Amino acid sequence: MSVWCMTWWQRGGLRAPAWALSCLLAACVPLGSAWAGNQIEEPLADSVRTALSAAVAQVAPPAPVFANEAQRQIFDRWVLASDDRLVKRKPEQLVRREFLQTVWYEAKRAGLDPGLVMGLIEVESGFRKYAISSVGARGYMQIMPFWSRSIGEGEASSLFHMQTNIRFGCVILRHYLDRERGDLFLALGRYNGSRGRAEYPNAVTAAWRKWKLPEGPAQMADAGTVAKGLSLQGR
C-alpha cells in the first residue's frame, strides 16, 4: 500500500512538492509503526562531520566488486539464502534482488557484515521502506532527519530513497562502532538511543543470526567477538 502511495505520482517523471509528499507519507504510514531509530543528535567535530559527509555523498548505483571467484560465490550464496527468507516481506523478485545487492554493497563499503545490517533493518523497520517512527525516524534503517541536515544535503525526504537510507544507516553505525572502539553492544545501543541497555542489541544480534554470511574463519571470529561483548555487558 505505501509503495503504491509513494510511486503513483512518479509515473511520467512527475515530482511531487515537498508538502504534498509529507502529507502523503503521513496518510500512508502511521506514526509509531517502527520500533526505534531514536539516535541522539550530538555535536560533531569538523573533521568528523567532513568525513561523514564525504561518506554519504555521491551515491553511485550499487555494483559489488569481488577480488576473486570465491568472494562472488559467497555473495551468490548469501543472496540466494536471503532471497528465500525475504520473499514474504518483498514479493517481487527484482525488488528483492536490488534491495539485497544494495545492502551488500553499502555494508561492505562501511566495513560491516551485510547480515548485521539486515538484522538491524528487520528490527528497526520490518523491511518497510516508508516506515516512520514515533520520533520521526525514517525508512529502512530509521534515520533521524537531523542527519540529513548535519551530514547530508538537508532534504529529509531523501531518506526514503533506498540506497540513500541504507548508506546513511551503514555510515552512522560505522561511526558509532568507531566511537565505541569496536564494541558492537554499545554501538547498537547508541544507534537506538539506548546506550548501555541490552534489549535492542540483543534483538539485533538475534535477527542477525538469520541473515549471516556463509560462515568462514572471519565470520566466526566476528560472531565470537560480539557474543563475548554481549556476555560481558550482561554481567
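Good morning. I begin with lysine 210, which at 41% relative accessibility counts as partly exposed. The structure under discussion is a predicted model, and every value I quote is computed from that model.

The partner of lysine 210 is glutamate 122: the two form a salt bridge in which the closest N and O atoms are 2.6 Å apart. Glutamate 122 belongs to helix H6, residues 114–125, while lysine 210 sits in the loop between H10 and helix H11 (217–233), so this pair ties together parts that are 88 residues apart in sequence. Glutamate 122 has a relative accessibility of 16% and therefore counts as buried. The bridge thus joins a buried residue to a partly exposed one.

Let me place that pair among the other charged contacts. How many salt bridges does the structure hold? There are eight. I shall describe two further examples.

One of them pairs arginine 195 with glutamate 180, again with the closest N and O atoms 2.6 Å apart. Both residues are in loops: arginine 195 in the loop between H9 and H10, and glutamate 180 in the loop between helix H8 (162–179) and H9, 15 residues apart. Are these two residues buried or exposed? Arginine 195, with a relative accessible area of 47%, is partly exposed. Glutamate 180, with a relative accessible area of 9%, is buried.

The other example lies between two helices. Arginine 96 and aspartate 83 meet through their side chains in a salt bridge, at 2.9 Å from N to O. Aspartate 83 is part of helix H4 (residues 69–86) and arginine 96 is part of helix H5 (residues 93–109), so the pair ties together parts that are 13 residues apart in sequence. Both arginine 96 and aspartate 83 are buried. The pair also belongs to a network of salt bridges that links Asp83, Arg96 and Arg97.

I turn now to helix packing. Two packed helices are described by the angle between their axes and the distance between the axes. For helix H9 (residues 184–192) and helix H10 (residues 199–208), the axes come within 8 Å and cross at roughly 110°. H9 and H10 are therefore roughly perpendicular to each other. On the H9 side, the contact is made by Leu184, Phe185, Leu188, Gly189, Tyr191 and Asn192; on the H10 side, by Tyr200, Pro201, Val204, Thr205 and Trp208. Sorted by class, this contact has eight nonpolar residues, three polar residues and no charged residues.

The loop between H9 and H10 also contains serine 194. With 11% relative accessibility, serine 194 counts as buried. Leaving aside residues up to four places away in sequence, serine 194 touches Gly189 and Tyr200, two residues that also appear in the contact of H9 with H10.

Next, the interior. In soluble globular proteins, nonpolar side chains tend to be buried together. Here, the largest nonpolar core has 50 residues, and those touching the most other members are Phe99, Met118, Met141, Trp147, Leu173 and Tyr191. Which elements give two or more residues to this core? They are helix H3 (46–56), H4, H5, H6, H7, H8, H9 and H10. H8 gives the most, with nine residues. As for leucine 173, residues up to four places away in sequence not being counted, its contacts are Leu112, Leu116, Leu120, Ala187, Leu188 and Tyr191. Of these, Leu188 and Tyr191 also take part in the contact of H9 with H10.

Two backbone conformations deserve mention. Phenylalanine 127, in the loop between H6 and helix H7 (145–150), has a phi near 65°, a positive value in a residue other than glycine. Arginine 181, in the loop between H8 and H9, likewise is not a glycine and has a positive phi of about 55°. What is the relative accessibility of each? Phenylalanine 127 counts as buried at 3%, whereas arginine 181 is exposed, with a relative accessible area of 82%.

Finally, the loop between H6 and H7 also holds serine 134. Serine 134 is exposed, its relative accessible area being 58%. Its C-alpha atom is separated by 9.1 Å from that of asparagine 38, and the two residues are 96 residues apart along the chain.

That concludes the presentation. Thank you for your attention.

Note on methods. Residues are numbered from 1 along each chain as its sequence is written. This is a predicted model: local features need pLDDT of at least 70, side-chain atom pairs count only at pLDDT 80 or more; totals for chains, interfaces and linings use all residues. Side-chain values use heavy atoms; hydrogens and water are left out. Axes are lines fitted to C-alpha atoms, for helices over the stretch in contact, and angles run from 0 to 180 degrees between N-to-C directions. Helices (H or I, at least four residues) and strands (E, at least two) are DSSP runs, numbered from the N terminus. Angles under 35 degrees count as roughly parallel, over 145 as roughly antiparallel, 65 to 115 as roughly perpendicular and the rest as oblique. Contact means heavy atoms within 4.5 Å. Ala, Val, Leu, Ile, Met, Phe, Trp, Tyr, Cys and Pro count as nonpolar, Asp, Glu, Lys and Arg as charged, and the others, Gly among them, as polar. A salt bridge is a side-chain nitrogen of Lys or Arg within 4 Å of a carboxyl oxygen of Asp or Glu. Buried means under 20% relative accessible area, exposed over 50%, partly exposed in between (1.4 Å probe, protein chains only). A nonpolar core is a set of buried Ala, Val, Leu, Ile, Met, Phe, Trp, Tyr and Cys residues joined through side-chain atoms within 4.5 Å.
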